[in-house]
Amino acid sequence: MPRTLLRTASAVLLTLAALTVPPAHADEGDPVAVTVNARAALAPVPETGIGTNHAIWDSRLGTDETADLLKAAGMKLLRYPGGSYSDIYHWADHTAPGGYVAPDTDFDTFMRGVRRTGAQPMVTANYGTGTAEEAAAWVRHANVTKGYGVKYWEIGNENYGNGRYGTAWEADEHADKSPAEYARHVVAYSDAMKAVDPTIKIGAVLTTPANWPDGLVAEGDAGTWNEVVLATAGSKIDFVILHWYPGALDRTAHVPDMIHLTRQQIAKHAGPGSERIGIAMTEFNTGSSSNGTNTQPGALAAADAYATLLANGVFTVDWWNVRNGIGNVTQVEGHTDYGDFGLLSSGTCTSDGGVCEPEVNTPFAPYYALQMVSRFARPGDRFIRAATDQEKVAAHAVRRADGGLAVLLINTSSDTSYPVTIDYAGFSPASGAPTVLTHTNGATAITESATGGATGRTLPPLSLTTVILRPAAAQTGLPGAPGQPAASGVTDRAATISWPAASAGARPIVKYEVHLQNGAVSEQIGETTGTSLTVGNLKPGTRHTVNVIARDGGGGASSPSAPLTFTTGTPASASCSVRLTKQSDWASGYVGAIEITNHGAPISGWTLDFSWPRAWQSLGSGWSAVWTQSGRDVRVVNDSGNGSLPTGASATIGFVGDYSGPNVLPTVFTLNGTVCTTR
């Protein structure tokens, strides 16, 4: 990941003026249908959602100019002291042996900037070369002596990069570099730090699903990094830490599975009460200098990723970083990309002086992307489902606390304008022109206007557009939203959904409706006068998300409940069963074994069918049977030696599965057309 030493230069606060550079020619594409579903609620917008990283090698870290620019971008969380420097930094004497510490970057200076920005701080305690006692003293200085009220404290940064898995960039002076040793120290740090201030939240470092070294098990370890850390330290932590540098700009589709798998690991390994553990993405950057790190394509990818991560319940996403320095210089979509992972220019030049960045503190395109997200999704709003039928156009939406609604539209095409038609479910927009925020390729500010209508507009190439709508009528006297639903009695095709009752509005509540999310469309799958409903006809082995809506005697509907996601299983008993196990994993592929057991009448010749859950999964090779793949579907036919399966007999076959995104394993298998029990 980028770690560039910055040179000192004078800080200049820019006066931002709108400058839109339209493409020389833009084709108009076919109309795009956008669906916004206010009945399909996702995660609430957190107070700390939009964040970025500060670094102690940046001499402008504590300046008023920096704080004011970050405040204008809507930053709500600032992380300190800067990535891998965290594991060599000693806060008390403000030193980082082996690294460069710029003047005026000490902790108190950082906190002064945090307060001017109006953000919350997140501090990374030194695990690599520090101690629990040093971290506890930092908590005492911050929250007892100074009264800063620093809530979020990480234990180390990317500590899996200490050489345990063959690659070392993170400082770690512990003789034992295993995840078990890290976890033991997380427990000690948590105990020592919470003894000083019991109100703080402690975070532990995890590997990000499908990103190295996720899935690897080092010699002598009881499991992967995540499994061992969660099993040992799960009861002592309040959140987990992910970092993501996807490289390509089209990886947002990975996010739901990435977060789902992380939550699955927490639930499985962290012990009772693990639902309290949050997820923080404390470093994020597109990580793709060739595709535009600080030009418009990178900005569009950033806005899409931030919105998707927050909609999936991550409580902060923190850009790497405020200022980083010049890197590989290229031309991207008509503009110079400096290969700089920062939000603001550092004013640095290439080593030969041939190319220099713009004047210091000039915002790069991702700055405006995060500013757009902060204006689109505000704390107290709630994400709702939105989708389009054009892969070049992404859509996100929030229902606002004041009853309004905002839609963020992202056109990633470099040469095509797309007319869009927006259909709203569960929301009626007011007549008249909505407020529209726009940022286009090369613009140096977000423009604001009141133009067009609520249901249609044209998106320029490489643009971000936010449409802010008021409801057609004041929403008064409606029921409150039902409480958080829970699932019980989940089988292959049914589940019982229960929820706390909603508060009545002007009229009594007469029923509750359960709505199943199908993408951006909701299907009502049942209703009841009570607060519990058993729903059926569900698809086996599938992740389902539902919301509950209260309706009163006049037909008035509440806002939807928070979402509930659960996964159906396979038949409890069947004439066959299948067990899939991973034998080894190398973060882009794995060796799998499938054990097939026949519980019915004797079989002479069998065919096993299953499908990969995601398009980024595929069959590498297979053995002990004849393996074929068509699209996502895999068919396995017995070979000459294992076609006979008497009652109670088993056959074991193996394969290599390849993946380039979060590896959600297949769960539904059919043997000769019968759905098997998956064990």
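**Asn 53, the barrel and a covering helix**

Asn 53 is found in strand β3. The structure here is a predicted model, and this residue makes a handy place to start reading it. With a relative accessible area of 0%, Asn 53 falls under the 20% cut-off, so the residue counts as buried. Its side chain isn't short of polar company, though. A polar atom of the Asn 53 side chain lies 2.9 Å from the backbone oxygen of Thr 282, and the side chain of Asn 53 also reaches the backbone oxygen of Asp 318, this time at 3.4 Å. Leaving aside residues up to four places away in sequence, Asn 53 touches Arg 79, Thr 282, Glu 283, Asp 318, Trp 319, Trp 320, Asn 321 and Val 322.

Strand β3 belongs to a bigger arrangement. Eight strands close into a barrel, taken in the order β3-β4-β5-β6-β7-β8-β9-β10, and the pairing is parallel. From one strand to the next, the twist averages 25°. In general terms, strands of a sheet pair through backbone hydrogen bonds, either parallel or antiparallel. For a look at one pair within the barrel, take β5 (residues 120–125) and β6 (residues 152–155): these run parallel and are joined by 4 bridges. Here Thr 124 stands opposite Glu 154 in β6.

Next comes helix α7, which spans residues 296–311 and so has 16 residues. From its first C-alpha to its last, α7 reaches 23 Å, close to the 22 Å expected at 1.5 Å a residue. The helix lies across four barrel strands, namely β3 (50–53), β8 (239–244), β9 (278–284) and β10 (316–319), and runs at about 155° to β10. As for cover, α7 has plenty: 16 of its 16 residues are buried. Just after the helix, Gly 313 takes a positive phi of about 95°.

Further along the chain, the pairing goes the other way. Strands β23 (residues 509–518) and β24 (residues 521–528) run antiparallel, with 7 bridges joining them. Together β23 and β24 form a hairpin with 2 residues between them. In the turn, Gly 519 has a positive phi of about 65°. As for individual partners, Gln 517 has its bridge partner in β24, and that partner is Ser 522.

Technical notes
Residues numbered from 1 in each chain as written. Predicted model: local features only at pLDDT ≥ 70, side-chain atom pairs only at ≥ 80, totals over all residues. Heavy atoms only, no water. Pairing = 2+ DSSP bridges. Expected span 1.5 Å × (residues − 1). Buried < 20%, exposed > 50% of the residue type's maximum accessible area, 1.4 Å probe, protein only. Axes fitted to C-alpha atoms, helices over the stretch in contact; angles between N-to-C directions. Contact = heavy atoms within 4.5 Å. Polar contact = N/O pair within 3.5 Å; in protein donor to acceptor, adjacent residues only side chain to side chain.
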